[in-house]
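The exercises below ask you to reason about side-chain interactions, step by step, with the sequence and the coordinates at hand. Try each task before you read its solution.

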Amino acid sequence: MIQLKRAYDPQEQTDGFRVYIDRLWPRGLSHETFHYDLWDKEIAPSAELREWFHSDPQGLWAQFAEKYKAELQANPAMNDLKQMLKDKPTVTLLYSSHDREHNNAVIVKDLLKSE
């Protein structure tokens with residue numbers, strides 16, 4: 001099972017293996033209070049793609065999804081993550097975005113589930 005959660009949401013027992021998938025540290029959280037098992041910066045969107053998308057997240061969502069999928073499919077770190085997670089019964093992908101529907105974790109989850 002793969003679930004999504006904002007980095008700012010409280011940690012729960014049902015989270016399983018927690019993977020933070022943004023390149024930047026979540027603003028306002030300390031290293032003592034933010035709990036994750038893996039911080040995988042390598043699968044985050046490129047800086048150029050992230051900055052472009054943040055100019056209009058809802059308007060650019062479809063284009064962002066396609067561009068980010070292409071980045072992930074060409075990124076060996078995505079295969080490494082798949083291998084690491086294959087034996088984990090529950091995985092929670094953590095992201096910093098305020099938008100729960102239009103963020104990189106949605107795309108990563110879809111790609112992980114499609115395998």
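## Exercise 1: Salt bridges

The side chains of D15 and R18 meet in a salt bridge, with N and O 2.4 Å apart. The model is a predicted one, and the values here are computed from it. Determine how many salt bridges there are in total, and which parts of the chain the pair K5 and D15 ties together.

Step 1. Applying the distance rule, in which a Lys or Arg side-chain nitrogen must lie within 4 Å of a carboxyl oxygen of Asp or Glu, gives a count of five salt bridges.

Step 2. One of them joins the side chains of K5 and D15, with an N to O distance of 2.8 Å. K5 belongs to strand β1 (residues 2-6) while D15 sits in the loop between β1 and β2 (17-20), so this bridge ties together parts that are ten residues apart in sequence.

Step 3. For the surroundings, K5 and D15 are both buried, and R18 is buried as well.

Step 4. A contrasting case is the salt bridge of E51 with R50, whose closest N and O atoms are 4.0 Å apart. Here E51 has 53% relative accessibility and therefore counts as exposed, whereas R50, at 23%, counts as partly exposed. Taking the bridges that share partners, K5, E12, D15 and R18 are joined into one network.

## Exercise 2: The nonpolar core and its edge

Find how many residues the largest nonpolar core has, and establish whether N75 is buried or exposed.

Step 1. The largest nonpolar core has 26 residues, and V19, I43, L72, L93 and V108 are those with the most contacts inside it. Two or more residues are given to this core by each of β2, α1 (47-54), α2 (61-73), α3 (76-85), β4 (91-95) and α4 (104-113). The largest share, six residues, is that of α4.

Step 2. Such an arrangement can be read against a general tendency: in soluble globular proteins, nonpolar side chains tend to be buried together.

Step 3. With neighbours within four places in sequence set aside, the contacts of I43 include I21, Y68, L72, M78 and V108, and also N75.

Step 4. N75 is placed in the loop between α2 and α3. Its relative accessibility is 19%, and since buried means under 20%, N75 counts as buried. The side chain of N75 reaches the backbone oxygen of E42 at 2.7 Å.

## Exercise 3: Aromatic pairs

Classify the pair formed by the rings of Y20 and F34, and then the pair formed by F34 and Y36.

Step 1. A search of the whole structure finds twelve aromatic pairs. For Y20 and F34 the ring centres are 5.1 Å apart and the planes stand at 85°, so the pair is edge-to-face. This pair links distant parts of the chain, with Y20 in strand β2 and F34 in the loop between β2 and β3 (38-39), 14 residues apart.

Step 2. Y20 and F34 are both buried. The rings of F34 and Y36 form a tilted pair, at 5.3 Å centre to centre with 45° between the planes. Y36, at 30% relative accessibility, counts as partly exposed.

Step 3. Y20, W25, F34, Y36 and W39 form one aromatic cluster. Over the face of W39 lies K41, at 4.2 Å from the ring centre, and K67 lies over the face of W52, at 4.9 Å from the ring centre.

Definitions and conventions: Residues numbered from 1 in each chain as written. Predicted model: local features only at pLDDT ≥ 70, side-chain atom pairs only at ≥ 80, totals over all residues. Heavy atoms only, no water. Helix = DSSP H or I, 4+ residues; strand = E, 2+ residues; numbered from the N terminus. Buried < 20%, exposed > 50% of the residue type's maximum accessible area, 1.4 Å probe, protein only. Core = buried A, V, L, I, M, F, W, Y, C linked by side-chain atoms within 4.5 Å. Contact = heavy atoms within 4.5 Å. Polar contact = N/O pair within 3.5 Å; in protein donor to acceptor, adjacent residues only side chain to side chain. Phe/Tyr/Trp six-rings, centres within 6.5 Å; stacked < 30°, edge-to-face > 60°. Lys NZ or Arg CZ within 6 Å of the ring centre and 35° of its normal.
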